[in-house]
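Here is a short note for a colleague who has not yet looked at this model. Please read it with the structure open.

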Amino acid sequence: MPASTHKILKIDGSTGEGGGQIIRTALSLSMLTGTPIEIINIRAGRAKSGLMRQHLMCVQASQQISNAVVTGAHLGSMVFTFTPSTVQAGDYTFDIGSAGSTSLVLQTLLPALLFANTGLNQKSTVTITGGTHNPLAPTTDFLQQAFVPMLDKLGMQMGIELQQVGFAPIGGGVIKATIAPFVRRATTPRLDLTEHGKLVSIELVASVLNLEYAICQRELASAKAALVEAGIDEALITTRGNKLHGIGEGNTCYAKVTHEISDMQNHKEYHSEIFTLLGEKRSSAEKIGGRLSGLVKRYLFDTGALIDEYLTDQLLLPLALSGGGAFSARIISEHSKTQAWLIEQFLPVAITFDAIEDEQILVRITC
């Protein structure tokens, strides 16, 4: 449907969590549905309100892939309008111009490109330069190890290549994503990730960029020792250190926790949660390793839910687009509540959060 036939949807950017996620999700859904939007009070409650460079890049990149008409989008802007045309599959390159998150720009474009030119079966590539391992944003490791496998379960095909690592404040990181058009099939079962079986493995990975490799070894030793002390079978834990390629310097680590799950055909499948941390100048490697083990222990011992906070947040939109489903969540953040509210403004779906046993939350998306 041409965008001109839609009534403009006005969105208050200070609603709920009130951050940049409202901008990104509104852009995604505007392009998907052809709905023109006006966003006001952008990040009104933040110390630095308005559009920052990373958010502006999301607007500009969305404008390019959808040939949109945009007004009012500039650094510091508190309001802008976005009227999309047809989203075109293709090969795109974007440079944030700072250490802003490449992951968040990619996640803005992804839903629209999954549904672009589906009849032509044309893949898209998106190359983005900026930060790959940012505080307060999913790292490239998280996307590769947690988000992409979850999309695969929904029948959405995307690959992400980390070409160069970029930490704040310098950035300079590069990711390249390849996105295949998504065609929903009536025979595909709805996602049901409400229960998990036994713990299969915990992989601990630590990486450094132009810093001493010993930092990795100390983080891994500290995290592993804390997990063993908590009663986790040492045989399930593996460790791996990496030296990264890029400019600047930085340190990151993550834990990949994998459980057995059963699908509707009753054969074994697996689900992995990823917990990531960035090194901090005022924190020792041992302290970072201890914090990483703490994230794992909280996930394993607190509720028994399968999906943790950050994947819950990022799963809502793909799940709504793929036909709905249900999963058990450990916690529902303000981010997730705001995301659910915004999705319901654009799509004919109902998203519910219901408490179930062991303090878990059942998230259900009905289309």
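The points below take up two sheets, the helices packed on them, and the cysteines.

1. This is a predicted model, in which local features need pLDDT of at least 70, side-chain atom pairs count only at pLDDT 80 or more, and totals for chains, interfaces and linings use all residues. Residues are numbered from 1 along each chain as its sequence is written, and side-chain values use heavy atoms, with hydrogens and water left out.

2. One open sheet has four strands in the order β5-β6-β8-β7, with mixed pairing. Helices (H or I, at least four residues) and strands (E, at least two) are DSSP runs, numbered from the N terminus; two strands pair if DSSP finds at least two bridges between them. The edges are β5 (91-95) and β7 (158-164); each has a single partner strand, so one side of each lacks a neighbour in the sheet. Neighbouring strands are turned by 15° against each other on average, direction ignored. Axes here are lines fitted to C-alpha atoms, for helices over the stretch in contact, and angles run from 0 to 180 degrees between N-to-C directions.

3. Strands β5 and β6 (residues 124-130) run parallel and are joined by five bridges. T93 stands opposite T127 in β6. Helix α4 (residues 140-153) packs on this sheet and touches β7 and β8 (173-179), where contact means heavy atoms within 4.5 Å. The direction of α4 makes about 170° with that of β7.

4. A further open sheet, also of four strands and mixed pairing, has the order β9-β14-β16-β15. Its edge strands are β9 (191-193) and β15 (350-355), and because each has a single partner strand, one side of each is left without a neighbour in the sheet. From one strand to the next, the twist averages 20°.

5. Three bridges connect β9 with β14 (residues 325-329), and the two run parallel. L193 has F327 in β14 as its bridge partner. Helix α7 (residues 309-321) packs on the sheet, in contact with β9, β14, β15 and β16 (361-366), and its direction makes about 175° with that of β14.

6. How many disulfides does the structure hold? There are zero, a disulfide being a pair of cysteine sulfur atoms within 2.5 Å. For C216, the nearest cysteine sulfur is that of C253, 8.7 Å away. That is also the closest cysteine sulfur to C253, and 8.7 Å is too far for a bond.

7. Are C216 and C253 buried or exposed? Buried means under 20% relative accessible area, exposed over 50%, and partly exposed in between (1.4 Å probe, protein chains only). C216 counts as buried because its relative accessibility is 0%; C253, at 2%, counts as buried too.
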